[in-house]
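Visitor: Please take one part of this model and describe it closely. I should then like to see how the rest of the assembly is arranged around that description.

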Amino acid sequence: MNWYAVRALYRFEMARFWRTALQSIVAPVIATSLYFVVFGAAIGARMTAVEGVPYGAFIVPGLMMLSLLTQSIANASFGIYFPRFAGTIYEILSAPVSPLEIVLGYVGAAASKAILIALIILATATLFVPITIAHPFAMVGFLVLTAVTFSLFGFLIGLWADGFERLQLVPLLVITPLTFLGGSFYSIDMLPPVWRTLSLANPVVYLISGFRWAFFGHSDVGIGVSVAMSLVFLVLCLAGVTWIFRTGYRLKS
Amino acid sequence: MPPILSIANLSKVYASGHNALKDISLDIAKGEIFALLGPNGAGKTTLISIVCGIVTASAGSVRVDGQCIVRDYKAARKAIGLVPQELTTDAFETVWATTAFSRGLFGLPPDPAHLERTLRDLSLWDKRDSRIMTLSGGMKRRVLIAKALAHEPRILFLDEPTAGVDVALRQDMWRLVRRLRDQGVTIILTTHYIDEAEEMADRVGVIRNGEIILVEDKAELMRKLGKKQLTLHLASPLAGLPPALAGHNLELAQGGRDLVYTYDTTGDAGLTGLLADLAAAGIGFRDLHTSQSSLEDIFVDLVKERA
């Protein structure tokens, strides 16, 4: 195992995060504060508690998950796409590094950044609403599992994309709608039966539901189902990345 | 001594159908400077890219210091440093950070002393904290070389290393290449500048349309294929060549004012006989000069000949 290479890739990617610290850290803090102003103070005040949880607190796991998904995908996809775009990928391809080591470096860094931002959002949320975490280890477990899975998914997008437009296509047109419709700001039990059933086809529902269970001890779908669905998506992403490295798709001529 | 790089029956057909390499076989000896010459699109960069792991071969095998580049790719790649043709660098990193990154990527622990030596050798030490985007094109080229040398490779590929750099930097690079060779590093360079190959290479390979058409020791190549010309500036112009001189390889030039004698550098030049025949024919000359074909002339002849 070439740990020096993993460390080099990880540090390189994290350096980019710290170089743009203002954008990386301040932006999610401001966005979260705005969500609390709009959904917490303006709208939340008129809403009753959801499943016994004040609405302001109820949306915290959804907000964290929203950032976790978008940040994991954005960081990982950009991380691998930019060297392809700039041509510096030659150095990675000619180095004595295995696909696993490359994935550990890029996905590890993307997941770290996303987790960091999710924790910043949690810290910001505590300024607005009281938060208690019923299952802290499960919360961290879900955070890591989701960040790694979606960083892998972002890595796949970064390998697949052949332009900046495609890089934005999946996050904008698929992930963001699925996240908003996946119960970030509501419980799917609040939906009419038909929409509730349709929502179960949205994989993000299981992630948010499981994450919310870790916070409040109850969820829209069973916790076992949430974990299983997360693992299925992780395995699918791993299979995709493995196939790309085996075939050299978009990496090697 | 076994070759440090052994390429056997290597072929590459791209998805577009372009046959970039056709059954290439080539051995490179340890410690030599090998210049790969060829016109644009001949297959030079494809060949280098396959050896370095950037492009997948369609057929054939490559061994680097005995290690297969597919099966034992980690060991093989550790031995190789690559300076690509394009100036592909990270814009926002500092010179120091990017060279340290390259060393780590190739599986070596940090060694600030080695990096300092490398940056000093390339006159980059003063720029170590500068972001790469602030550097000139020549400096960026040096950064690429520093990155390639950061992991102390045993084989260094230089793909068009002096394209677009000024004369002073070219000379610096030539000095660096010689110093690396003295340290035992094998250098394989592709270049458009034939004088670069003439100046530095021990052996020369010529590639054209994906085929190696010649591999030869440089000195031997110039001896075998090189031509010399003796030009005599005549005392009085000639309207035509006298029949008595028909046995010599002579041509009239400059409207009959010059007589040009072409001969190869291998055997007897026949100069004594020519001068005697000229004297016998009553042809005098005011001055003379000789010229020898350069590697560039030989290269152009070779590529034309096989077209």
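Guide: In this predicted model, residues 221-245 of chain A are 92% helix and 0% strand, and the C-alpha atoms at the two ends of the span lie 35 Å apart. An unreviewed UniProt entry annotates 221-245 as a transmembrane region, along with other spans of chain A that include 198-215. Residues 198-215 of chain A are 83% helix and likewise 0% strand, with end C-alpha atoms 25 Å apart.

Chain A also meets chain B: 20 residues of chain A are in contact with 26 residues of chain B. On the chain A side, helix H1 (3-19) and helix H4 (89-93) are the elements that give two or more residues. H1(A) gives the most, with six residues. By class, this side of chain A has ten nonpolar, six polar and four charged residues.

Chain B itself is divided into domain 1 (5-223) and domain 2 (226-305), and the C-alpha centres of these two domains of chain B lie 42 Å apart. Chain B contains an open antiparallel sheet of four strands, in the order E12-E13-E11-E14. Strand E12 (250-253) and strand E14 (285-292) of chain B each have a single partner strand, so one side of each is left without a neighbour in the sheet. From one strand to the next, the twist averages 25 degrees. Within this sheet, strand E11 (residues 227-234) and strand E13 (residues 258-264) of chain B pair in the antiparallel sense over seven bridges. In that pairing, B:Thr231 stands opposite B:Val260 in E13(B).

Conventions:
Residues are numbered from 1 along each chain as its sequence is written. Chains are lettered from A and ligands numbered from 1 in the order in which they are written. This is a predicted model: local features need pLDDT of at least 70, side-chain atom pairs count only at pLDDT 80 or more; totals for chains, interfaces and linings use all residues. UniProt positions are given in the numbering used here, feature names are shortened, and annotations may be inferred rather than shown by experiment. Two residues are in contact if their C-beta atoms, placed from the backbone, lie within 7 Å. Ala, Val, Leu, Ile, Met, Phe, Trp, Tyr, Cys and Pro count as nonpolar, Asp, Glu, Lys and Arg as charged, and the others, Gly among them, as polar. Domain bounds come from an automatic or database domain assignment. Two strands pair if DSSP finds at least two bridges between them. Axes are lines fitted to C-alpha atoms, for helices over the stretch in contact, and angles run from 0 to 180 degrees between N-to-C directions.
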